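Got the structure open in your viewer? Grab your selection tool and follow along, one stop after another.

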Amino acid sequence: MKELLKGLNIYLIGMMGSGKTTVGELLAKELEYRFLDTDAIISAVSEKSINQIFAEDGEDEFRQLESDVLQEVSAYLYTVIATGGGIILRQQNWSHLRDGMVVWLNVPIDVLVQRLKDDDTRPLLKREELQTKLISLYEQRKSLYQQADITIGIEENDNPNDIVQKIMVEIPHKIRQENSDLN
Ligand code: S3P
């Protein structure tokens with residue numbers, strides 16, 4: 001697999017609560033890659049939680065930090081990168097995502113609701129009915145997530161290792177398909 005990938009970064013995209021960080025850490029181990037998480041870097045660099053950034057500086061500032069961090073991390077190779085759920089929103093971010101392989105973790109809304117019902121770390125999910133908000137975000141973003149190179153459909157009972165195995169099956173398919181498209 002390492003030879004096939006040739007150091008190409010893997011970007012995990014998907015809704016909040018889709019497991020990008022957990023799956024990303026495991027996938028990085030499996031591939032012997034470095035693991036980075038854009039939200040964690042944004043928090044570390046700004047010395048604020050994501051909630052604080054949204055409350056004090058606003059979403060636009062957060063999106064700018066997110067684009068800046070993505071630009072920085074895209075300079076690496078051999079890296080699995082867990083992104084924030086909204087990274088797909090800015091067109092300019094796609095030029096960096098497209099330098100690597102983009103994997104969408106597509107998790108049913110009911111599963112996201114269960115995972116996020118007691119979470120208070122996501123500013124966009126505050127003060128609103130969780131399921132309604134998740135459905136509306138998903139509807140707004142679905143066509144963007146669908147631009148991923150690989151879509152992993154996740155079922156309720158899939159554990160993180162199952163998901164990593166699904167990704168490990170799809171990566172070589174995708175690379176071979178791209179190589180044959182070039183020939
Ligand atoms: C966001 C997702 C969050 C974080 C921020 C905004 C979004 O990341 O970047 O709260 O717009 O979907 P996770 O997807 O890791 O929860």
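Start by selecting Tyr78, which counts as partly exposed because its relative accessibility is 41%. Before you go further, keep in mind that this is a predicted model. Tyr78 sits in the loop between helix 5 and strand 3 (79-82). Check its backbone: phi of Tyr78 is near 50°, a positive value in a residue other than glycine. Most residues other than glycine have a negative phi.

**A second positive phi**

Now jump to Lys6, another residue that is not a glycine but has a positive phi, of about 50°. You'll find Lys6 in the loop between helix 1 (2-5) and strand 1. Is Lys6 buried or exposed? Lys6 is exposed, because its relative accessibility is 66%.

**Into the strands**

From that loop, move on to strand 1 (residues 10-13) and select strand 4 along with it. These two pair in the parallel sense, over four bridges. Pick out Tyr11 and look across: Val102 in strand 4 stands opposite.

Stay with strand 4 (residues 101-106) and add strand 5 to the selection. Here too the pairing is parallel, with four bridges. Two facing pairs are worth clicking on. Trp104 stands opposite Thr151 in strand 5, and Leu105 stands opposite Ile152 in strand 5.

How many of the six residues in strand 4 are buried? Five of them are, so by the cut-off of under 20% relative accessible area strand 4 is mostly covered.

Next, show the side chains of strand 5 (residues 150-153). In a regular strand the side chains alternate between the two faces of the sheet. Strand 5 does this: Ile150 and Ile152 point to one face and are buried. Thr151 and Gly153 point to the other face and are not buried.

**Helix 5**

Select residues 59-73, which make up helix 5, and find Asp60 there. Asp60 counts as exposed because its relative accessibility is 65%. Further along helix 5 you'll come to Asp68. Asp68 is partly exposed, because its relative accessibility is 34%.

What do Asp60, Glu61, Asp68 and Glu72 form on the surface? Select the four together and you have a patch of negative charge.

While Asp68 is highlighted, try a distance to Leu89: the two are 21 residues apart along the chain, and their C-alpha atoms are separated by 14 Å.

Gln64 is also in helix 5. Gln64 is partly exposed, because its relative accessible area is 32%. Draw a line from Gln64 to Tyr145, and you'll get 20 Å from C-alpha to C-alpha, for two residues that are 81 apart in sequence.

**Salt bridges**

Side chains of opposite charge can pair when their charged atoms come close. How many salt bridges does a search of the whole structure find? The search finds seven, and a few of them make good stops.

Without leaving helix 5, select Arg63 and Glu66, which are three residues apart, about one turn of the helix. Arg63 and Glu66 form a salt bridge, with the closest N and O atoms 2.9 Å apart. Are these two side chains on the outside or tucked away? Arg63 is buried because its relative accessibility is 8%, and Glu66 is buried because its relative accessible area is 1%.

Next up is Asp57, which forms a salt bridge with Lys48; their closest N and O atoms are 2.9 Å apart. Asp57 counts as partly exposed because its relative accessibility is 37%.

Then go to Asp158 and Lys166, whose side chains meet in a salt bridge at 2.9 Å, N to O. Which partner of this pair is buried? Asp158 is buried because its relative accessible area is 16%, whereas Lys166 is partly exposed because its relative accessibility is 26%.

For the last selection, return to Lys48 and Asp57 and add Glu56: salt bridges that share partners join Lys48, Glu56 and Asp57 into one network.

Key:
Residues are numbered from 1 along each chain as its sequence is written. This is a predicted model: local features need pLDDT of at least 70, side-chain atom pairs count only at pLDDT 80 or more; totals for chains, interfaces and linings use all residues. Side-chain values use heavy atoms; hydrogens and water are left out. Patches are made of residues with over 30% relative accessible area and no salt bridge: like charges are joined within 9 Å, nonpolar side chains (Val, Leu, Ile, Met, Phe, Trp, Tyr) within 5 Å. Accessible areas come from the Shrake-Rupley method with a 1.4 Å probe; for residues, only the protein chains shown count as cover. Lys and Arg count as positive and Asp and Glu as negative; His and the chain ends are not counted. The place of a charge is taken as NZ of Lys, CZ of Arg, CG of Asp or CD of Glu. Buried means under 20% relative accessible area, exposed over 50%, partly exposed in between (1.4 Å probe, protein chains only). Two strands pair if DSSP finds at least two bridges between them.
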